[in-house]
Amino acid sequence: MSQDNQLPLFEGFDKMVHLGFFFILTVLLLFGKINQQNSYHYRPLTIVKIIIITAALGGGVELLQWKVFTYRSAEWWDFISDMLGVGAGIFSYLLLHRKSRIIEKA
């Protein structure tokens, strides 16, 4: 399919896609950790590991687009959108964790 035949999307749509994919990736990583531990409790090291893993993945993709796949363009805003998605996923988990602790105390 050529570029001319694509549906017109609003400006910044690709950034929202980056944010959404990395949000889902982060939620799935956290969900896996919850299932592995069989508990909602977490250590800050877990969150740091997830940030490092996702930053390496997002940065690696942008580096590949810059150096290997020259028909693609690497953009800082893509990486920033990736990290915003990670932040949103972690924030969502922390809210869920707080809510589960409140329910456990009741």
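The following is a chat about a predicted model of a protein and its helices, salt bridges and buried residues.

Student: What's the overall layout, in helices and strands?

Tutor: This is a predicted model. The protein has three helices and zero strands, and along the sequence the pattern reads α-α-α.

Student: How much of the protein counts as buried?

Tutor: Of its 106 residues, 23% count as buried.

Student: And the contacts, what share join residues at least 24 apart?

Tutor: Taking contacts between residues at least 6 apart in sequence, 76% join residues at least 24 apart.

Student: OK, helix packing. At what angle do helix 1 and helix 2 pack?

Tutor: About 145°, with the axes 11 Å apart. Helix 1 covers residues 13–37 and helix 2 covers residues 44–67.

Student: Why give both an angle and a distance?

Tutor: Because two packed helices are described by the angle between their axes and the distance between the axes.

Student: Is the crossing left-handed or right-handed?

Tutor: Helix 1 passes helix 2 in a right-handed crossing.

Student: Which residues meet there?

Tutor: From helix 1, His18, Phe22, Leu25, Thr26, Leu29, Leu30 and Lys33. From helix 2, the residues are Thr46, Ile50, Thr54, Leu57, Gly58 and Glu62. By class, this contact between helix 1 and helix 2 has six nonpolar, five polar and two charged residues.

Student: Thr54 is on that list. Buried or exposed?

Tutor: Threonine 54 in helix 2 counts as buried because its relative accessibility is 0%.

Student: What does threonine 54 touch?

Tutor: Leaving out residues up to four places away in sequence, threonine 54 touches Phe22, Leu25, Thr26, Leu29, Met83 and Val86. For methionine 83, 29 residues away along the chain, the C-alpha separation from threonine 54 is 7.7 Å.

Student: Switching to charges. How many salt bridges in the whole structure?

Tutor: A search of the whole structure finds three.

Student: Which residues are linked in the network?

Tutor: Asp14, Lys15, Glu75 and Asp78 are linked in a network of salt bridges. Lysine 15 pairs with aspartate 14 at 2.9 Å, N to O. With glutamate 75, the closest N and O atoms of the lysine 15 pair are 2.7 Å apart. For aspartate 78 and lysine 15 that distance is 2.8 Å.

Student: Where do lysine 15 and aspartate 78 sit?

Tutor: Lysine 15 is in helix 1 and aspartate 78 is in helix 3, so their salt bridge ties together parts that are 63 residues apart in sequence.

Student: And where's glutamate 75?

Tutor: Glutamate 75 is in the loop between helix 2 and helix 3 (76–105). It and lysine 15 are 60 residues apart, and that pair too links distant parts of the chain.

Student: Which of these count as buried, and which as partly exposed?

Tutor: Both aspartate 78 and lysine 15 are buried, lysine 15 at 18% relative accessibility. Aspartate 14 is partly exposed at 35%, and glutamate 75 is partly exposed at 31%.

Student: Back to Glu62. What about glutamate 62 and salt bridges?

Tutor: Glutamate 62, in helix 2, is buried yet has no salt bridge. The nearest side chain of opposite charge is arginine 72, 6.8 Å away. A salt bridge needs the nitrogen within 4 Å of a carboxyl oxygen.

Student: So what does glutamate 62 touch?

Tutor: Not counting residues up to four places away in sequence, glutamate 62 touches His18, Ser73, Ala74, Glu75, Asp78 and Phe79. Two of those, Glu75 and Asp78, belong to the salt-bridge network.

Student: What about aspartate 82, buried or exposed?

Tutor: Aspartate 82 lies in helix 3 and is buried, with a relative accessible area of 1%. Apart from neighbours within four places in sequence, aspartate 82 is in contact with His18, Phe22 and Gly58. The C-alpha atoms of aspartate 82 and glycine 20 are separated by 8.1 Å, although the two residues are 62 apart along the chain.

Student: Last one: leucine 64. Where is it found?

Tutor: Leucine 64 is found in helix 2. It counts as partly exposed because its relative accessible area is 42%. Its C-alpha atom is 8.0 Å from that of alanine 74, 10 residues away along the chain.

Key. Residues numbered from 1 in each chain as written. Predicted model: local features only at pLDDT ≥ 70, side-chain atom pairs only at ≥ 80, totals over all residues. Heavy atoms only, no water. Axes fitted to C-alpha atoms, helices over the stretch in contact; angles between N-to-C directions. Helix = DSSP H or I, 4+ residues; strand = E, 2+ residues; numbered from the N terminus. Left-handed = near helix turned anticlockwise from the far one by under 90°. Contact = heavy atoms within 4.5 Å. Nonpolar A, V, L, I, M, F, W, Y, C, P; charged D, E, K, R; others polar. Buried < 20%, exposed > 50% of the residue type's maximum accessible area, 1.4 Å probe, protein only. Lys, Arg positive; Asp, Glu negative; His and termini not counted.
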